[in-house]
Amino acid sequence: MIKEVQIKAIQEANVIKIQILANTLHGVKFRLLLLHKYCIFFLIILELRTPLGAIIGLLSSIKDDNLSAEQKDMINIMVHSSDIMLTIVNNILNMAKLETHIIT
């Protein structure tokens with residue numbers, strides 16, 4: 001009788017261990033999928049940030065050339081818009097970094 005109870009307890013403990021392991025693996029898989037998503041997201045954001053920086057640099061150098069008032073206004077609008085876009089891209093990148101630290 002005691003032996004049967006011990007065997008039953010061991011069997012139930014094994015079932016619980018398997019369930020815990022399955023839940024743990026599911027959690028790990030979920031985290032890995034999220035990290036993969038954020039890695040792709042980081043690459044996309046970084047790919048946007050580099051050309052934006054180049055655009056801002058070029059526009060800033062053109063701004064000093066001999067341009068009409070209307071052309072200077074257009075360049076200023078483009079510089080301002082590019083700065084705003086770069087700020088948004090950097091904020092998204094920072095938020096994604098924070099979320100990645102929360103996930104891991």
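Here are some questions and answers about a predicted model of one protein chain.

Q: How many helices and how many strands are there in the chain?
A: Let's start with the secondary structure of this predicted model. Strands are simple to tally, as the count is 0. That leaves the helices, and the chain has 2 of them.

Q: What radius of gyration does the chain have, set against a compact globule of 104 residues?
A: A compact globule of 104 residues would come in near 13 Å. The C-alpha trace here spans about 100 × 15 × 15 Å along its principal axes. The radius of gyration of the chain is 28 Å.

Q: What percentage of the residues of the chain count as buried?
A: To count as buried, a residue needs under 20% relative accessible area. The accessible surface of the whole chain is about 8,400 Å², and carbon and sulfur atoms own 69% of that. Of the 104 residues, the buried share is 15%.

Q: How far apart are the centres of the positive and negative side chains?
A: On the positive side there are 10 side chains, and on the negative side 9. Take the centre of each set, and the two lie apart by 18 Å.

Q: Which residues does the UniProt annotation "transmembrane region" cover, and what is the helix content there?
A: The annotation comes from an unreviewed UniProt entry and covers residues 38–62 and 74–93. In the model, residues 38–62 have end C-alpha atoms 36 Å apart and 0% strand, with helix at 100%. For residues 74–93 the end C-alpha atoms are 28 Å apart, strand is again 0%, and the helix content is 100%.

Q: Is Ser82 buried or exposed?
A: Ser82 sits in helix α2, which runs over residues 69–103. The cut-off for buried is under 20% relative accessible area. Ser82 has 9% relative accessibility, so Ser82 counts as buried.

Q: Which residues is Ser82 in contact with, leaving aside its neighbours within four places in sequence?
A: Contact here means heavy atoms within 4.5 Å. Across the chain, residues 24 or more positions apart account for 74% of the contacts with a separation of 6 or more. For Ser82, the contacts are Leu52, Ile55, Ile56 and Leu59.

Q: What is the C-alpha to C-alpha distance between Asn91 and Leu59?
A: Asn91 belongs to helix α2 and, at 41% relative accessibility, is partly exposed. Along the sequence, Asn91 and Leu59 are 32 residues apart. In space, their separation is 22 Å.

Q: What distance separates the C-alpha atoms of Asn94 and Phe42?
A: Asn94 is in helix α2 too, and its relative accessible area of 41% makes it partly exposed. Asn94 and Phe42 are 52 residues apart along the chain. Their C-alpha atoms are separated by 9.7 Å.

Conventions: Residues numbered from 1 in each chain as written. Predicted model: local features only at pLDDT ≥ 70, side-chain atom pairs only at ≥ 80, totals over all residues. Heavy atoms only, no water. Helix = DSSP H or I, 4+ residues; strand = E, 2+ residues; numbered from the N terminus. Rg over C-alpha atoms; globule rule 2.2 N^0.38 Å. Buried < 20%, exposed > 50% of the residue type's maximum accessible area, 1.4 Å probe, protein only. Areas by Shrake-Rupley, 256 points an atom, 1.4 Å probe, with all protein chains shown as cover. Lys, Arg positive; Asp, Glu negative; His and termini not counted. Charge placed at Lys NZ, Arg CZ, Asp CG, Glu CD. UniProt positions renumbered as here; feature names shortened; annotations may be inferred.
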